[in-house]
Amino acid sequence: MTTNGQQEILLNVSGLKMYFPITQGIIFQRHVGDIKAVDGLNFFIRKGETLGLVGESGCGKSTTGRAILQLYRPTAGTVEFKGVELTSLKGESLRRMRRHMQMIFQDPYASLNPRMTVGSIVGEPLEVHNIATGKEKRERVRELLHIVGLNPYFINRYPHEFSGGQRQRIGVARALAVQPDFIVCDEPISALDVSIQAQVINLLEDLQERFGLTYLFIAHDLAVVRHISDRIAVMYLGKIVELTDRKTLYEQPLHPYTQALLSAVPIPDPRKELEREKHRVILEGDVPSPAHPPKGCNFCTRCPAKERALKETGINCDEVEPEFKEIAPDHWVACHLYN
Ligand code: SF4
């Protein structure tokens, strides 16, 4: 297994692509193009850390999470987890690896089967992976409910009897049942009331410390991931445009898209907020379709720094795609201004 500095690398993603084919015709379906949901990602996650993955809806964040867990089989690239390459695994060997990687879903209302009791929902992975059955399983489920802050006597209740925050705790207990090393948290708080969000974040942090978990934490805005992430990757139209540690990202964002996202994050101090208002970057236009991404830089249709890049570097961003490069230790950017 590789290491980076002192810390072991748990997950290494290289050249990851996830394309969904577009077909035409009713009887003879012709392949006429692809939706490039994820288009060549390179990053790693160290053991015990939280990598925040941020971007607007539809930028490919959730698809990335699913492709890592092999819930979608990637079109290209590799996903190395604990030194094992997952994209070539099948059947029993893939099932065995999946036990170490779990997912917490965005919508606690939709992700729990309404006809199953909490005991069956949380206990199901224990049976699937032959970890426990019968009395032992019920004991383990009670313990898991206790760990996530739910009353163990709720074991025979159904999802509709719980609040949104409690349902998300059930989802967390289910993910924890198989004692995973890595959890993809796919917008786990965005469907919850603001008052409940902090509780779920605190629970996830406590569990990380207690069980040495590693998280990929997906969110659509930078305010949410700030508290929980060690490092943050910013995603736009299927690609990561910037990745660095939390402090550097918030204090010295380099990519024009990161700068625009950050300028929209509210600041609690009203005086600073007024000052910042003057520098707010309003992005014009819409995100292009992932079926027809721009030829050069994928942000070129909305980038306020495009002219400056042409002047300073002589490179036309509409024509030439920037490389995702490490421009300082642990700071990667895909922009001609820094390449
Ligand atoms: Fe903007 Fe050009 Fe940098 Fe892309 S490469 S972010 S278009 S300046």
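The structure holds two cavities of 30 Å³ or more. This is a predicted model. The briefing covers its empty spaces, its cysteines, an open sheet of eight strands and two residues with unusual backbone angles, L237 and D330.

**Cavities**

- Rolling a probe the size of a water molecule over the atoms shows where empty space is left.
- The largest cavity has a volume of about 90 Å³.
- Its lining is made up of 14 residues, and those closest to the centre are C297, C303, C317, C335 and H336.
- By type, the lining of the largest cavity has eleven nonpolar residues, two polar and one charged.
- C297, one of the residues closest to the centre of this cavity, is buried because its relative accessibility of 10% is under the 20% limit.

**Largest pocket**

- The largest pocket has a volume of about 430 Å³.
- Of its 19 lining residues, M101, Q102, M103, F105 and R174 are the closest to the centre.
- Four elements each give two or more residues to this lining: helix 2 (91-98), strand 7, helix 3 (118-128) and helix 5 (164-176).
- Strand 7 gives the most, with four residues.
- The lining of the largest pocket divides into eleven nonpolar, four polar and four charged residues.

**Cysteines**

- There are zero disulfides in the structure.
- C185 is in no disulfide, and the nearest cysteine sulfur, that of C59, is 17 Å away.
- A disulfide needs the two sulfur atoms within 2.5 Å.
- C185 has a relative accessibility of 0%, so this cysteine counts as buried.

**The open sheet**

- Eight strands form an open sheet with mixed pairing, in the order 7-8-9-4-10-11-13-12.
- Strand 7 (101-104) and strand 12 (325-328) stand at the edges.
- Each edge strand has a single partner, so one side of each is left without a neighbour in the sheet.
- From one strand to the next, the twist averages 25 degrees.
- Strand 7 also has a part in the largest pocket, where this strand gives four residues to the lining.
- Inside the order, strand 4 (residues 50-54) pairs with strand 9 (residues 214-219).
- These two strands run in the parallel sense and share five bridges.
- Within this pair, G52 has F217 in strand 9 as its bridge partner.

**Positive phi angles**

- Most residues other than glycine have a negative phi.
- L237 is not a glycine, yet its phi is positive, at about 45 degrees.
- L237 is found in the loop between strand 10 (231-236) and strand 11 (239-245).
- With a relative accessible area of 5%, L237 is buried.
- D330 is not a glycine either, and its phi is positive too, at about 65 degrees.
- The loop that holds D330 lies between strand 12 and strand 13 (331-333).
- D330 counts as buried because its relative accessibility of 18% is under the 20% limit.
- Strand 12, which precedes this loop, is also one of the two edge strands of the sheet.

Methods:
Residues numbered from 1 in each chain as written. Predicted model: local features only at pLDDT ≥ 70, side-chain atom pairs only at ≥ 80, totals over all residues. Heavy atoms only, no water. Buried < 20%, exposed > 50% of the residue type's maximum accessible area, 1.4 Å probe, protein only. 1 Å grid on protein atoms, 1.4 Å probe; cavity = no way out; pocket = protein on both sides within 12 Å on 5 of 7 lines; lining within 4 Å. Points joined across faces, edges and corners; volume = space filled by probe spheres on them. Nonpolar A, V, L, I, M, F, W, Y, C, P; charged D, E, K, R; others polar. Pairing = 2+ DSSP bridges. Axes fitted to C-alpha atoms, helices over the stretch in contact; angles between N-to-C directions.
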